[in-house]
Amino acid sequence: MKIIKRISLFMVMAGIMFGAGSYATLKAEQFFYPNKYRQAPMRIETEKLAEQTGKDEALDDAGEEQVIETAMEKAPVVTADTLYLIEEVNLSDGTVKEKEELIPVKYIGLDRLALIEELNAYDKNPALSDLKLGFQTIELSSFSKDRVVICKYYRPKEEQKGFYLMVADHYVIVYESDKKTVHMNTDILLSGLSHTLQSEIIQGKFIEDEKALYNFLESYSS
C-alpha cells in the first residue's frame, strides 16, 4: 500500500514538473521567436486584405468599364427615318400650324449641335419663300433620333391697300397695290397734267383708296 502511494505521488509530481516545463518552454519560444505565433493571424489578415483589395479592384474595373461603355455610346443623330415636324408660329395673331415634311438630306447624320449650327446658318440666309411669308427666325424645339421639331416664326406683312397711278403709251393707268395687276385703264394723257404730277405718275403715284382714286379720275378725265 505504501508502495502504491509512493508511485502515485511520484506520477503526480512528474506530471506537475512536465506541465511546468512545457509552459516554461512555450514562454521561452514566444520570447525568443515572437513571429512564430503571429504568422497565422497575419496570414488571415493578409488573406482578408487581399480579398478586399480584389473586390475593390473588381469594382474599380467595373466602374472603369461602365465609364468606357458610356463614353463609347454615340450621341443621337438625325436619320432618314426621323420624324421631321415644322411648327409655323404667326407672331401677329399667335396661331401655330404644324406640318410634317421630309427630312432635308443635308440634315441626315447630324447630331443636336450640328443641326443647331445649320439652323443658325438658315436664320442668316432664309429661303425667298419664307421671306415672302414674313420670316423672322428659326429654332430647334425638340431633338431625338426619332423626332425633330423645328419652329419657324413669321410676322406676315400687312397687305398694302390702295392703287398706283402709272403711265403706259402716254396714258395714265391704274394698277393694284402690287404694281403689276391693271385695275383700270383711263383716257387721261400724261402730257395734259402738270409737270409735278407727271413726275409723280412716272415714278408711281400712290392712291390710298377708291375714294381718292375716283376723285382724281373725276378731276382729270376729259
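What follows is a chat about how some labels on this predicted model are earned.

Biologist: What do the numbers and cut-offs rest on?

Modeller: Residues are numbered from 1 along each chain as its sequence is written. The model is predicted, so local features need pLDDT of at least 70 and side-chain atom pairs count only at pLDDT 80 or more, while totals for chains, interfaces and linings use all residues; side-chain values use heavy atoms, with hydrogens and water left out.

Biologist: What makes β1 and β2 a pair?

Modeller: Two strands pair if DSSP finds at least two bridges between them. Strands here are DSSP runs of E, at least two residues, and helices are runs of H or I, at least four, numbered from the N terminus. Six bridges join β1 (residues 83-90) to β2, and the two run antiparallel. Leu-85, for one, stands opposite Glu-100 in β2.

Biologist: And which strands stand at the edges of that sheet?

Modeller: The order is β2-β1-β4-β3, an open sheet with mixed pairing. β2 (96-101) and β3 (135-143) each have a single partner strand, so one side of each lacks a neighbour in the sheet.

Biologist: Why is Glu-87 said to have no salt bridge?

Modeller: A salt bridge needs a side-chain nitrogen of Lys or Arg within 4 Å of a carboxyl oxygen of Asp or Glu. For Glu-87, the nearest side chain of opposite charge is Arg-147, 5.6 Å away, so the cut-off isn't met. Glu-87 is buried all the same, which means under 20% relative accessible area (exposed is over 50%, partly exposed in between; 1.4 Å probe, protein chains only).

Biologist: What does Glu-87 touch?

Modeller: Contact means heavy atoms within 4.5 Å. Leaving out residues up to four places away in sequence, Glu-87 touches several, including Val-96, Lys-97 and Ile-150.

Biologist: How do you know that the buried residues of α5 line one face?

Modeller: They are Leu-197, Gln-198 and Ile-201. Seen down the axis of α5, they fall within an arc of 105 degrees, so they line one face of the helix; the arc is that of the directions from the helix axis to the C-beta atoms. On the other side, His-195, Thr-196, Ile-202 and Gln-203 are exposed. The cover over the buried residues includes β5 (163-168), β6 (171-175), β8 (205-207) and α6 (210-220).

Biologist: What makes β6 and β7 partners?

Modeller: Four bridges, in the antiparallel sense. One of the matches is Tyr-171, whose bridge partner in β7 is Leu-189. Both strands belong to an open sheet in the order β7-β6-β5-β8.

Note on methods
Lys and Arg count as positive and Asp and Glu as negative; His and the chain ends are not counted.
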